[in-house]
Structure formats: structure tokens, C-alpha cells
Amino acid sequence: MSGKNKIIYLLLALALFSMVRCSSTKVNKTLTFFFDGVDDSQPLVPGPANTSPAVTAAKKTETSPVIPSPESRFKLHKPYQEHQCGKCHDSTNMSLLIRPKIELCFSCHDAYEKKYAFVHGPVSVGYCLACHNPHMSENSKLLTRVNEKVCYYCHTKKQVLQNKKHEGVDLSNCTGCHNPHGGKDPGLLN
Ligand code: HEC
Ligand code: HEC
Ligand code: HEC
Ligand code: HEC
Ligand code: HEC
């Protein structure tokens with residue numbers, strides 16, 4: 001997808017979604033952010049979700065993919081491991097999801113609005129797949145990337161370095177200070 005298409009897609013998704021969700025969060029800022037901040041060289045939904053051997057196998061064998069064993073280097077999402085494909089996919093057509101991607105995760109995971117006074121932009125719009133893979137990952141917590149790379153998918157290094165609060169801190173561990181989902185203050189501090 002070209003950078004421009006990606007932004008249009010994101011805007012549509014965010015705009016649609018914000019009509020149903022997003023009470024406390026700053027949608028305008030979120031939209032502006034995507035114009036300024038997103039690194040166009042990255043795929044919209046990154047990570048091994050689309051390319052892992054298991055998913056390639058899954059494409060061929062439909063509902064009976066070769067699910068890696070829990071001992072493999074992949075860490076599996078519980079419903080995937082337990083073969084509950086129908087909790088997310090239309091069981092008659094695996095290429096369809098039963099809910100829009102941006103709502104899918106909330107059917108089992110609590111909405112973070114209830115937990116936090118301030119919710120991180122992508123979390124508030126249900127864009128979980130920016131940071132997590134739906135089936136499995138080589139990284140803990142199903143993360144698409146590790147450490148600060150998760151954050152630099154959207155925030156630019158320049159933006160982060162400009163902030164005086166970041167002077168002299170270890171910038172390889174963003175989540176050492178920031179909660180990736182939300183917090184009691186707008187800076188999402190732990
Ligand atoms: C927690 C929700 C969830 C569960 C459970 C789940 N999937 Fe998925 N699956 C997804 C999402 C979301 C995508 C789209 C990922 C993307 O676009 O990167 C996907 C993508 C796929 C794809 C690739 C489709 C394509 O066109 O590239 C296949 C095949 C697939 N899933 C099969 C399965 C099978 C088989 C199971 C059960 C063993 C399963 N999934 C369980 C959420 C889930
Ligand atoms: C059918 C229910 C279901 C759906 C839908 C679902 N999850 Fe989960 N998820 C679970 C369960 C069950 C666990 C394991 C919880 C535990 O062990 O305490 C889990 C765990 C996780 C974890 C933590 C993994 C770890 O290693 O600790 C992440 C991250 C996660 N889910 C993300 C997602 C995302 C992103 C989506 C949407 C694509 C999603 N989930 C949709 C049921 C679901
Ligand atoms: C900006 C990136 C990002 C987004 C977006 C995101 N997460 Fe996470 N999530 C993380 C990180 C990083 C961790 C690991 C936190 C840790 O280990 O300290 C995590 C951990 C989790 C866990 C494991 C339990 C926990 O809280 O540590 C679950 C479940 C989870 N996320 C679900 C979701 C769901 C559902 C969404 C969408 C509503 C979502 N995440 C959106 C980055 C993100
Ligand atoms: C999918 C894109 C995306 C990813 C990935 C992402 N962010 Fe964000 N982040 C946003 C958006 C959108 C906002 C809200 C717009 C704004 O305030 O600039 C935001 C806002 C924030 C804020 C609050 C800024 C303020 O207004 O005070 C912090 C702190 C933050 N992100 C930290 C992180 C950290 C840490 C990570 C990695 C764990 C991360 N972000 C990953 C998109 C993202
Ligand atoms: C040592 C703790 C610490 C670490 C590590 C850290 N931050 Fe921060 N960050 C802060 C503090 C403190 C603020 C100011 C919060 C406020 O004003 O409420 C902040 C503010 C921010 C903001 C909002 C203001 C802005 O600059 O737009 C973003 C986004 C952000 N951090 C992203 C990141 C990312 C990405 C990383 C990792 C590369 C990171 N931070 C690592 C402490 C930290």
C-alpha cells in the first residue's frame with residue numbers, strides 16, 4: 001500500500017471508529033498525528049501475522065493450520081492455540097473476520113477506557129494490530145516489534161529527542177516510563 005493510501009485508510013478507519021467509541025480521547029490530535037508521524041516505509045499491519053510459516057500453512061489448509069507447538073520459538077495467542085478460529089474469523093470463509101479489525105480485540109479484552117483516565121491514541125481507536133499480532137509472535141506479549149521499535153513505528157525519533165523530558169534517559173525502554181495502553185495522566189506515565 002502506498003503511503004497516501006495508508007493514511008486515507010487509517011483516517012477512514014479512525015473516523016468511522018471514533019463515531020462509535022472514543023469518548024475521552026483526542027481524535028483531532030490523533031488524525032493530525034497520522035499525517036505527521038507515520039513512517040511510510042512500514043506496512044500497515046506489520047509482523048509475522050502475514051508471513052509466518054504457520055499462517056502460510058493456514059492459508060492452504062484453511063481451518064486446520066499447522067499451529068506451532070508451545071515449545072516453538074513462537075508465543076501463541078491463547079484463542080489461536082486453542083483453535084478457536086471462529087471467535088475471530090467467519091468459519092465458512094476464513095478470509096473474513098467476524099468484526100471489523102478495530103473492534104475484534106474488545107470482544108475479549110476489556111476496553112481500556114474503563115481502566116485509564118487517559119487512553120493512548122491507537123488503543124482508543126482499537127488499532128491493537130499496530131503493536132500486536134493476532135496469532136503469534138516471536139516476541140513476548142504478541143508484540144510486532146521489540147522495545148523502542150514498537151513506539152518508533154509511529155513516533156519519530158526526532159519528536160522524542162526534542163522533548164527535554166527525554167534528555168539523558170535510556171531511550172531503549174520506553175515502557176519503563178510509559179504505559180503503552182493508557183494512564184492516569186496524558187503523558188501515560190507508569
Ligand atoms: C484473536 C483473533 C484471531 C484468532 C483467534 C484467529 N485469527 Fe486468524 N487472523 C486474525 C486477524 C486480525 C487477521 C488479519 C491479520 C492481518 O491483517 O495482519 C488474521 C489473519 C488470518 C489469516 C490470513 C488471511 C489473509 O488473507 O492473509 C489466516 C489464514 C488465518 N487468520 C487463519 C486463522 C486460523 C486457522 C485460526 C485458528 C487456528 C485463526 N486464524 C485464529 C485474527 C484471529
Ligand atoms: C476469543 C477471545 C479473544 C479475542 C477475540 C482476543 N483475545 Fe487476546 N487473549 C485472549 C486470552 C484468553 C488471552 C490469555 C489471557 C491470560 O493468559 O491471562 C489473551 C492474551 C492476549 C495478550 C497477552 C499475550 C501474552 O503473552 O501475555 C495479548 C497481547 C492479546 N491477547 C492481544 C489481543 C489482540 C491484539 C486481539 C485482537 C486481534 C485479541 N487479543 C483478541 C483472548 C482473546
Ligand atoms: C502502542 C502499542 C500498543 C498498542 C496499540 C496496544 N498494545 Fe497491548 N501491549 C503493548 C506492550 C508494549 C505490551 C507489553 C507491556 C509490558 O510487557 O510491560 C502490551 C501488553 C498487552 C497485553 C498483556 C497484558 C498487559 O497489559 O501487559 C494485552 C492483553 C494487550 N496488550 C492487549 C491489547 C489490546 C486489546 C489492544 C488494543 C485495544 C492493545 N493491546 C494495543 C503495546 C500496545
Ligand atoms: C500506531 C501508532 C502509535 C504507536 C505504535 C505508538 N503511539 Fe504513542 N501516540 C500515538 C497517537 C496517535 C497519539 C496521540 C496523538 C498525540 O498526542 O500526539 C500518541 C500519544 C502518545 C503519548 C502522549 C502524548 C501526549 O499528548 O502527551 C505518549 C507518551 C506516547 N504516545 C507514547 C508511546 C509509546 C511509549 C509507544 C510505544 C510503546 C507508542 N506511543 C507507540 C500513536 C502511536
Ligand atoms: C525515563 C523515563 C522516560 C523514558 C524512558 C521515555 N519517556 Fe517519554 N516522556 C517521559 C516524561 C516524563 C514525559 C513528559 C510527560 C508529561 O509531560 O506529562 C514524556 C513524554 C513523552 C511523549 C509526549 C510528549 C512528546 O514529546 O510528544 C511521548 C510521545 C513520549 N514521551 C514517547 C516516548 C518514547 C517513544 C520513548 C522511548 C523511545 C520514551 N518516551 C521514553 C519520560 C520518559
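A residue counts as exposed here if 12 or fewer other C-beta atoms, placed from the backbone, lie within 10 Å of its own, and as buried if there are 20 or more. His83 is therefore exposed, since 12 other C-beta atoms lie within 10 Å of it. The model to which this applies is predicted.

**Confidence and overall make-up**

The mean pLDDT of the chain is 76, with 66% of its residues at 70 or more. Over residues 1-61 the pLDDT stays under 50, and the model has 69 contacts beyond four places in sequence for that stretch. The chain contains eight helices and six strands. Their order along the sequence is α-α-α-β-α-β-β-α-β-α-β-α-α-β. Of the 190 residues, 17% count as buried. Among the contacts in the chain with a separation of 6 or more, 58% link residues 24 or more positions apart.

**The hairpin of β2 and β3**

Strand β2 covers residues 89-90 and pairs with β3 in the antiparallel sense over two bridges. The two strands form a hairpin, with two residues between them. One bridge partner can be named: His89 is matched with Leu97 of β3. Strand β3 spans residues 93-97 and is hardly covered, the count of buried residues among its five residues being zero. In a regular strand the side chains alternate between the two faces of the sheet.

**Loop residues**

His83, the exposed residue of the opening paragraph, lies in the loop between α4 (78-81) and β2. The phi of His83 is near 65°, a positive value in a residue other than glycine. Lys141 also has a positive phi, near 55°, and is likewise not a glycine. Most residues other than glycine have a negative phi. Lys141 lies in the loop between β5 and α7. Lys141 counts as exposed because it has 11 C-beta neighbours inside 10 Å.

Val146 is found in the loop between β5 and α7. With 12 other C-beta atoms within 10 Å, Val146 is exposed. The C-alpha atom of Val146 is separated by 9.4 Å from that of Cys131, and the two residues are 15 apart along the chain.

Is Ala130 buried or exposed? Ala130 counts as buried, because it has 21 C-beta neighbours inside 10 Å and the cut-off is 20. Ala130 belongs to the loop between α6 (121-124) and β5 (136-137). Leaving aside neighbours within four places in sequence, Ala130 is in contact with Pro122 and Tyr153. Ala130 and Cys154 are 24 residues apart in sequence, and their C-alpha atoms are 9.0 Å apart in space.

**Ligand surroundings**

The table gives the make-up of three ligand shells by residue class.

| Ligand | Nonpolar | Polar | Charged |
|---|---|---|---|
| Ligand 3 | ten residues | six residues | one residue |
| Ligand 4 | 13 residues | seven residues | one residue |
| Ligand 5 | eight residues | eight residues | four residues |

Ligand 3 is surrounded by 17 residues, of which the closest are Cys105, His109, Cys128, Cys131 and Pro180. Cys131 in this list is the residue whose C-alpha atom is 9.4 Å from that of Val146.

Which residues come nearest to ligand 4? Of the 21 residues around ligand 4, these are Gly121, Ala130, Cys151, Cys154 and His178. Ala130 and Cys154, both in this group, are the pair with C-alpha atoms 9.0 Å apart. Helices α2 (27-37), α6 and α7 each supply at least two residues of the shell around ligand 4. The largest share, three residues, comes from α2. Residues 27-37 of α2 belong to the stretch 1-61, where pLDDT stays under 50.

Ligand 5 has 20 residues around it, and the closest are Cys151, Asn163, Cys174, Cys177 and Gly187. Cys151 is listed among the closest residues of ligand 5 and among the nearest of ligand 4. Two helices, α7 (148-152) and α8 (157-162), each supply at least two residues of the shell around ligand 5. Helix α7 also supplies at least two residues of the shell around ligand 4.

How values were computed:
Residues are numbered from 1 along each chain as its sequence is written. Chains are lettered from A and ligands numbered from 1 in the order in which they are written. This is a predicted model: local features need pLDDT of at least 70, side-chain atom pairs count only at pLDDT 80 or more; totals for chains, interfaces and linings use all residues. A residue is near a molecule or strand if its C-beta atom, placed from the backbone, lies within 6 Å of it. Helices (H or I, at least four residues) and strands (E, at least two) are DSSP runs, numbered from the N terminus. Ala, Val, Leu, Ile, Met, Phe, Trp, Tyr, Cys and Pro count as nonpolar, Asp, Glu, Lys and Arg as charged, and the others, Gly among them, as polar. Two residues are in contact if their C-beta atoms, placed from the backbone, lie within 7 Å. Two strands pair if DSSP finds at least two bridges between them. pLDDT is the predictor's confidence in each residue, from 0 to 100.
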